[in-house]
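Trainee: Please pick one part of this protein and go through it closely with me. I'd like to hear how that part sits in the whole.

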Amino acid sequence: MEQRRLSAAPRRAAVYARTATAQPRDGSIEDQVRMCQALAERERWVIVETFSDHGVSGSTVLRPGYQALMSAMRSGAVDVVLAERFDRFSRNPGHLAALHQAAESAGVQIITLSEGEITEATIGLEATLEALYLKELADKRRRRRV
């Protein structure tokens with residue numbers, strides 16, 4: 001008897017995009033979503049939901065799109081989350097670690113166009129880079145006041 005391979009169901013993907021200002025320097029929500037859609041198409045993933053926060057700082061997780069993304073992960077509605085860069089989720093290393101832990105607990109993979117698959121090593125590197133960025137930003141602000 002011939003055995004037939006059953007094709008696995010396509011992975012269900014969510015896209016998350018964020019801009020910190022109303023006039024973003026680093027690409028619009030639409031640009032971020034379009035790039036993530038292209039990746040999903042190449043990988044043959046089905047985008048089931050797109051979440052976004054426009055003009056909201058990454059220093060807080062109290063963002064409607066981010067909270068809806070977290071709910072979708074916890075409910076099992078998605079298998080993979082896509083974003084342009086890891087800092088689109090947050091600029092706070094503790095928040096990034098909590099996001100990664102929540103994704104792992106839900107069996108969800110996080111992939112960004114810049115960093116690829118997010119792992120514990122990515123978390124450590126991003127925490128270091130964000131701490132340096134925030135220190136540099138604070139130094140610039142101090143110099144402007146003098």
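**A close look at the sheet**

Mentor: Let's begin with the outside: the protein has an accessible surface of about 9000 Å², and carbon and sulfur atoms own 52% of that (Shrake-Rupley method, 1.4 Å probe; for residues, only the protein chains shown count as cover). Bear in mind that this is a predicted model, in which local features need pLDDT of at least 70 and side-chain atom pairs count only at pLDDT 80 or more, while totals for chains, interfaces and linings use all residues. Residues are numbered from 1 along each chain as its sequence is written, and side-chain values use heavy atoms, with hydrogens and water left out.

Now the overall layout. There are four helices and five strands (DSSP runs numbered from the N terminus; helices are H or I with at least four residues, strands are E with at least two). Read from the N terminus, they go β-α-β-α-β-α-β-β-α. Along the principal axes, the C-alpha atoms fill a box of roughly 80 × 30 × 25 Å. Of the 146 residues, 35% are buried (buried is under 20% relative accessible area, exposed is over 50%, partly exposed is in between; 1.4 Å probe, protein chains only). Among contacts (heavy atoms within 4.5 Å) with a separation of 6 or more, 71% join residues 24 or more positions apart.

On to the sheet itself. The five strands make an open sheet with mixed pairing, in the order E2-E1-E3-E4-E5 (strands pair if DSSP finds at least two bridges between them). E2 and strand E5 (116–117) sit at the edges, each pairing on one side only. Strand E3 (residues 80–83) runs parallel to strand E4 (residues 109–112), and four bridges link them. In that pair, Val-81 faces Ile-110 of E4. Helix H1 (residues 29–43) packs on the sheet and touches strand E1 (12–18), E2, E3 and E4. The direction of H1 makes about 155 degrees with that of E1 (axes are lines fitted to C-alpha atoms, for helices over the stretch in contact; angles run from 0 to 180 degrees between N-to-C directions).

Let's zoom in on edge strand E2, which spans residues 46–53 and includes Thr-50. Thr-50 has 36% relative accessibility, so it counts as partly exposed. Leaving out neighbours within four places in sequence, Thr-50 contacts Val-15 and Val-33. Arg-74 is 24 residues from Thr-50 along the chain, and their C-alpha atoms are 16 Å apart. Val-48 is in E2 too, and its 38% relative accessibility makes it partly exposed. Not counting residues up to four places away, Val-48 touches Arg-12, Ala-13, Ala-77 and Val-78. Phe-89 is 41 residues away from Val-48 in sequence, with 18 Å between the C-alpha atoms.

Arg-12 leads us to the charges. Side chains of opposite charge can pair when their charged atoms come close. The structure has eight salt bridges (a side-chain nitrogen of Lys or Arg within 4 Å of a carboxyl oxygen of Asp or Glu). One of them joins Arg-12 to Asp-79, with the closest N and O atoms 2.8 Å apart. Because Arg-12 is in strand E1 and Asp-79 is in the loop between helix H2 (64–75) and E3, the pair ties together parts 67 residues apart in sequence. Arg-12 itself is partly exposed at 31% relative accessibility.

The helix packed on the sheet has a salt bridge of its own: Arg-34 pairs with Asp-31, closest N and O atoms 2.7 Å apart. These two are three residues apart in helix H1, so about one helical turn separates them. Asp-31 comes out as partly exposed, at 28% relative accessibility.

For a look beyond the sheet, take helix H4. There Glu-136 pairs with Lys-140, the closest N and O atoms being 3.5 Å apart. They are four residues apart in helix H4, so again about one helical turn lies between them. Both partners are partly exposed, Glu-136 at 45% relative accessibility and Lys-140 at 36%. Elsewhere, salt bridges with shared partners link Glu-84, Arg-85, Asp-87, Arg-88 and Arg-91 into one network.

H4 covers residues 120–145 and also holds Leu-132, which counts as exposed at 53% relative accessibility.
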